[in-house]
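Colleague: Before I rely on this structure, could we go through the terms used for it and the reasons behind them?

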Amino acid sequence: MGQNDNGPNGTRSLGPRCIALVGPFQSGKTTLLEAILARTGAVQRQGTVDAGTTIGDSGQEARHHKMSVEATFATTNFMGDNYTFVDCPGSIEFIQDMRSVLPAVDAAVVVCEADEKKVPQLQLILRELEDQNIPRFVFLNKIDKADKRVRETIALLQPASRVPLLLRQIPIWNGDIISGFVDLALERAFVYKEHAPSEIVELKDDNVDRKKEARFKMLETLADHDDQLMEQLLEDIEPPRDKVFDDLAKELRERIVCPVLLGAATRSNGVLRLLKALRHESPGHAETAQRLGVKAGNDATALVLKTFHTTHGGKMSVVRLLAGQAGDGTTLMTPGGDSARVSGVFKLMGQHFEKRPQATAGETIAFVKLDSAKTGDTLASGKQPPAALIQVKPFAPVLATAVQAKERKDDVKLGPAFTKLTEEDPSLTVVHNAENHEVVIWGQGEMHLRVASERLADRFLVPVSTRPPSVGYRETIRKPITQRGRHKKQSGGHGQFGDVVLEIKPLPRGSGFKFEDRITGGVVPRNYIPAVEEGVLDALKHGPLGFPVVDLSVALIDGSYHTVDSSDQAFRTAGRIGIVEGLPQSQPVLLEPIHEVEIVCPTEATAKMNAILSGRRGQILGFDTREGWDGWDTVRAQMPESEIGDLIIEVRSATAGVGSFIFKFDHMAELTGRTADQIIAARRAAE
Ligand SMILES: Nc1nc2c(ncn2[C@@H]2O[C@H](COP(=O)(O)OP(=O)(O)OP(=O)(O)O)[C@@H](O)[C@H]2O)c(=O)[nH]1
Ligand SMILES: [Mg+2]
């Protein structure tokens with residue numbers, strides 16, 4: 001076999017590796033994992049996504065939707081070394097799992113295809129890798145249905161990467177079909193075999209020149225960071241093969257190039273070459289630990305990549321052990337000072353776990369019942385709490401749904417289920433609205449929320465129903481009024497008597513509510529006044545239009561009492577009556593929340609954003625280029641909350657899935673006319 005089989009590092013093993021498979025939606029990551037597992041003998045036969053037989057999508061929700069919805073781990077062995085591959089979801093909505101895993105991997109394989117529409121997504125993913133300094137290969141997949149030159153494809157994909165995409169293989173065409181490839185570093189030609197290693201063949205004449213040219217291009221790019229190689233190229237000296245492999249490995253590790261390999265995951269084409277490139281060129285855990293700033297020493301140090309709860313109760317923390325050893329009985333501490341004892345180490349293969357003895361540095365394994373550990377946590381075995389190696393901040397949520405247990409008896413199970421749900425996926429947040437008792441799950445998109453409610457049912461055994469969350473409408477008044485509120489009841493012995501006169505006045509937007517006591521001469525005794533205010537506040541929870549009333553002042557200016565029949569209760573009722581009778585005459589008006597929205601999108605979609613925002617009663621505040629993002633814009637606008645509800649769906653469809661936004665409350669604005677009438681009517685109908 002060729003030089004590459006020993007590799008630039010000879011036979012020295014770098015220990016167990018952890019490699020992420022990432023890339024745009026549906027590019028073939030799960031299929032590639034399957035091909036890798038079949039090629040390395042971890043599975044007997046390569047499963048397919050369509051038949052629902054892959055390890056990567058073995059989770060219930062992934063199977064159901066035929067797409068990955070969480071990171072899946074599978075450990076295998078290749079040429080004597082332990083490798084854990086992490087199949088990450090491609091959908092932007094599930095990108096959080098990828099972001100939690102990336103910091104601890106040695107390298108990523110970015111699986112992509114020659115599809116122009118997926119370039120913005122590719123850019124987004126490469127961006128994460130660039131920002132986190134992760135060495136990365138591109139695996140140009142689906143080469144079996146390539147309909148353009150690979151060189152054209154590279155040109156198409158290049159704008160998504162800040163570093164050069166370095167073509168390492170060129171295809172061998174047989175008519176319209178790619179039948180094999182030439183490895184430009186090995187200088188060998190291979191013919192693809194379905195589900196078997198490619199076969200070395202003689203390089204044919206017409207490919208010799210193409211190879212020469214492409215190889216020169218590859219070397220030229222490498223030489224940009226290697227003066228010696230540049231000199232050799234200029235002087236027409238053929239660089240030694242070892243030198244080329246060394247440069248490939250070095251420049252990958254320094255993240256100044258991104259090598260591109262070709263293949264077809266469904267046929268297992270190009271998979272062995274990919275594995276060999278990973279073996280010889282990707283860094284090992286020692287380098288990864290160094291990148292993360294792990295202190296040298298004997299302590300076990302690990303990062304939690306994912307947390308999940310099995311139906312049978314156990315919490316699993318998938319960790320990458322970056323240094324030291326850990327097994328049953330090892331005590332690990334979080335940066336917060338909580339400690340937990342490892343009581344079970346498992347090797348992962350999709351949904352399947354296999355108990356195993358102690359783990360050594362570099363391995364990716366699952367620990368059970370580390371109750372205090374969260375995804376993203378640094379764990380260490382020392383006496384002192386470790387410093388956190390990383391901080392992964394989830395993306396801000398963009399879509400919400402209100403949820404309710406389908407059966408009342410499950411209400412008590414909801415709280416713990418939400419805790420587990422958000423522990424598993426930190427890009428979901430659960431918000432309890434104290435005002436209307438609504439429970440709202442916030443997430444990254446429609447599918448994300450759908451999977452969240454499926455998970456509540458499947459994993460945590462609480463079936464839920466969902467509906468759009470209510471909008472934070474309010475109402476206020478436009479006209480001042482003075483209103484009497486009188487409560488008098490004579491029933492049998494003890495009666496009830498309370499009598500107040502309220503001066504009700506509008507206040508400027510954002511003032512909230514003010515209560516004033518302007519009683520003179522004790523016409524309402526002091527001790528009843530708090531009860532009047534309580535009654536007023538109670539009535540303001542539900543104004544004449546059906547919403548909480550804000551931005552008004554209520555002054556208690558007059559009233560009367562009865563020495564026997566007056567009570568707190570009677571004055572509370574009187575205060576309430578004053579408001580209930582007064583407000584309808586004060587020209588109530590609906591208020592709707594307006595948020596400031598900041599949309600980010602590729603520049604070609606900016607005009608579409610303009611139209612989307614205008615169509616949703618948005619007021620554009622300005623456009624700008626997105627800082628640090630070539631080819632992207634930022635659009636700022638003010639927009640009613642009711643229109644933000646499903647805004648993300650439209651934004652995503654106008655941006656090939658990559659547009660997003662953040663928003664924050666700005667002000668309440670009066671809403672009149674037909675839209676207001678409809679909202680008020682809907683509210684009445686719901687009551
Ligand atoms: N023709 C062809 N189709 C492929 C290849 N690899 C994957 N596919 C198909 O592409 C589709 C998506 O494959 P997956 O493996 O689920 O892709 P993925 O990247 O894991 O998808 P997500 O995880 O949902 O982003 C499936 O229908 C695969 O059969 C390939 O090499 N050639
Ligand atoms: Mg997948």
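The conversation below takes up confidence, the nonpolar cores and the ligand site.

Colleague: How do you know how far the chain can be trusted?

Modeller: This is a predicted model, and on a confidence scale that runs from 0 to 100 the protein chain averages a pLDDT of 93, with 98% of the residues scoring at least 70. Residues 1-10 stay under 50, although the model has 25 contacts beyond four places in sequence for them.

Colleague: What makes a set of 81 residues a nonpolar core?

Modeller: The name requires buried nonpolar residues joined through side-chain atoms within 4.5 Å, and the largest such set here has 81 residues, with V22, F73, L102, L129, I143 and L303 having the most contacts inside it. Helix α4, residues 119-131, gives this core its largest share, six residues. Another core, of 33 residues, lies apart from it and includes V403, A405, L414 and V635.

Colleague: Which residues does F73 touch?

Modeller: Leaving out residues up to four places away in sequence, F73 touches several residues, among them F85, V101, L305, L348 and T364.

Colleague: Why is the approach of K29 to ligand 1 called a polar contact?

Modeller: A polar contact needs a pair of N or O atoms within 3.5 Å; an N or O atom in the side chain of K29 is 2.6 Å from an oxygen atom of ligand 1, so the pair meets that cut-off. A backbone N or O atom of G28 lies 2.8 Å from an oxygen atom of the ligand, while a polar side-chain atom of T266 lies 3.1 Å from a nitrogen atom of ligand 1. The protein covers 89% of the 650 Å² of accessible area that ligand 1 has on its own.

Technical notes
Residues are numbered from 1 along each chain as its sequence is written. Chains are lettered from A and ligands numbered from 1 in the order in which they are written. This is a predicted model: local features need pLDDT of at least 70, side-chain atom pairs count only at pLDDT 80 or more; totals for chains, interfaces and linings use all residues. Side-chain values use heavy atoms; hydrogens and water are left out. pLDDT is the predictor's confidence in each residue, from 0 to 100. Contact means heavy atoms within 4.5 Å. Buried means under 20% relative accessible area, exposed over 50%, partly exposed in between (1.4 Å probe, protein chains only). Helices (H or I, at least four residues) and strands (E, at least two) are DSSP runs, numbered from the N terminus. A polar contact is a pair of N or O atoms within 3.5 Å; within protein, one must be able to donate a hydrogen and the other to accept it, and residues adjacent in sequence count only if both atoms are side-chain atoms. Accessible areas come from the Shrake-Rupley method with a 1.4 Å probe; for residues, only the protein chains shown count as cover.
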